[in-house]
Amino acid sequence: MNNLLHNSQINHAGWVTRFAPSPTGFLHLGHVASAVYGWQKAQPDGEWFVRLEDIDIQRCKPEFIPAILEDLEWLGLQPARPVLRQSANMPAYEATLATLDAMGMLYPCFCTRSDIMRESAAIFSAPHTAPDGSLCYPGTCRHLSDQERRERISQGHPHVLRLDMGKALQWVHQYTYGVPLTYQDQEHGTVVCHPELFGDVVLARKDIPASYHLCVTHDDAAQGVTLVTRGEDLRPATDLHRVLQTLMGWSVPEYSFHPLLCNAEGRRLAKRDGALAVRAMREAGLSAEDVRCKAGFPHIFER
């Protein structure tokens, strides 16, 4: 599996790439593989930088931030720019949501997860899932009147903001003159998108006022990322990101997807499953080269 990380050719066109971890724990080998993959793609004359996806205040902890940056420095990965924390960028996300709302692309949804599962099962005999594995919303609140929405909000009913995918795709269809949305995958060429399979995704909720999809797409455009490097598990989300890019008139980067590092049971390395942290390997006496080798990149600085 590790050797597959080297299968794609490194493009020396001055790519701007980023590594965007969430500070929910210490870096592990899966993070190292992702960080180095993007770093390599930016060599020799591009830019690689770090962005911290820390808007989930329940899961993200400030104490992990210096640890992440220290581990990256120890690995020999130096960001080309100051580190951006998404939690400090909320006004930009709020402005994006306001624009989408003014376009008529958002609506409040008052359904709970159990409501969605029950309604979805009643319609389809079993809950439907989106390509990324999330529960597909059956669109119940899309049909509420503006007055009913205002009344529920004024009464303090909890709600999220969803993208009306039908309206969004109608707008995109007109904008592209009916040409399907696509993106350029460095390994596989042109890929046709199917964002309709996601349904009406959540773009904001009370505890996390802007979704991952909105924030990452906004920041990639705002920071001038020209090549998005991400794991294969995030490939499906790219279809949805292309919709947001088109609605907002944002630049469209190219994409490159790397295989995921897995444990002995074949599951993706994850903090919740106890993946060994980089600093634990450091404390055990491993060198930075040893750790990079375990992640599939033994000699990245030998040019």
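## Helix α1

Helix α1 covers residues 29–41, which is 13 residues. At 1.5 Å a residue, the expected span is 18 Å. The C-alpha atoms at the two ends lie 18 Å apart, so the expected and modelled spans agree. This is a predicted model.

α1 is mostly covered. Of its 13 residues, 13 are buried.

## After α1: Gln-43

Gln-43 sits in the loop that runs between α1 and β2 (47–52). Is Gln-43 buried or exposed? Its relative accessible area is 18%. Buried means under 20%, so Gln-43 is buried.

The side chain of Gln-43 has a polar atom 2.9 Å from the backbone oxygen of Trp-39.

## Packing of α3 and α8

Two packed helices are described by the angle between their axes and the distance between the axes. Helix α3 spans residues 90–102, and helix α8 spans residues 237–248. They pack at about 75°. Their axes are 11 Å apart. Angles of 65 to 115 degrees count as roughly perpendicular, and α3 and α8 are therefore roughly perpendicular to each other.

Which residues make the contact? From α3 come Thr-96, Thr-99 and Leu-100. From α8 come Leu-244, Leu-247 and Met-248. By type, the residues of this contact are 4 nonpolar and 2 polar, with no charged residue.

## The chain as a whole

The chain holds 10 helices and 10 strands. It has 303 residues, and 48% of them are buried.

Contacts with a separation of 6 or more were also tallied. Of these, 80% join residues 24 or more positions apart.

Terms used:
Residues are numbered from 1 along each chain as its sequence is written. This is a predicted model: local features need pLDDT of at least 70, side-chain atom pairs count only at pLDDT 80 or more; totals for chains, interfaces and linings use all residues. Side-chain values use heavy atoms; hydrogens and water are left out. Helices (H or I, at least four residues) and strands (E, at least two) are DSSP runs, numbered from the N terminus. The expected span of a helix is 1.5 Å times one less than its number of residues. Buried means under 20% relative accessible area, exposed over 50%, partly exposed in between (1.4 Å probe, protein chains only). Axes are lines fitted to C-alpha atoms, for helices over the stretch in contact, and angles run from 0 to 180 degrees between N-to-C directions. Angles under 35 degrees count as roughly parallel, over 145 as roughly antiparallel, 65 to 115 as roughly perpendicular and the rest as oblique. Contact means heavy atoms within 4.5 Å. Ala, Val, Leu, Ile, Met, Phe, Trp, Tyr, Cys and Pro count as nonpolar, Asp, Glu, Lys and Arg as charged, and the others, Gly among them, as polar. A polar contact is a pair of N or O atoms within 3.5 Å; within protein, one must be able to donate a hydrogen and the other to accept it, and residues adjacent in sequence count only if both atoms are side-chain atoms.
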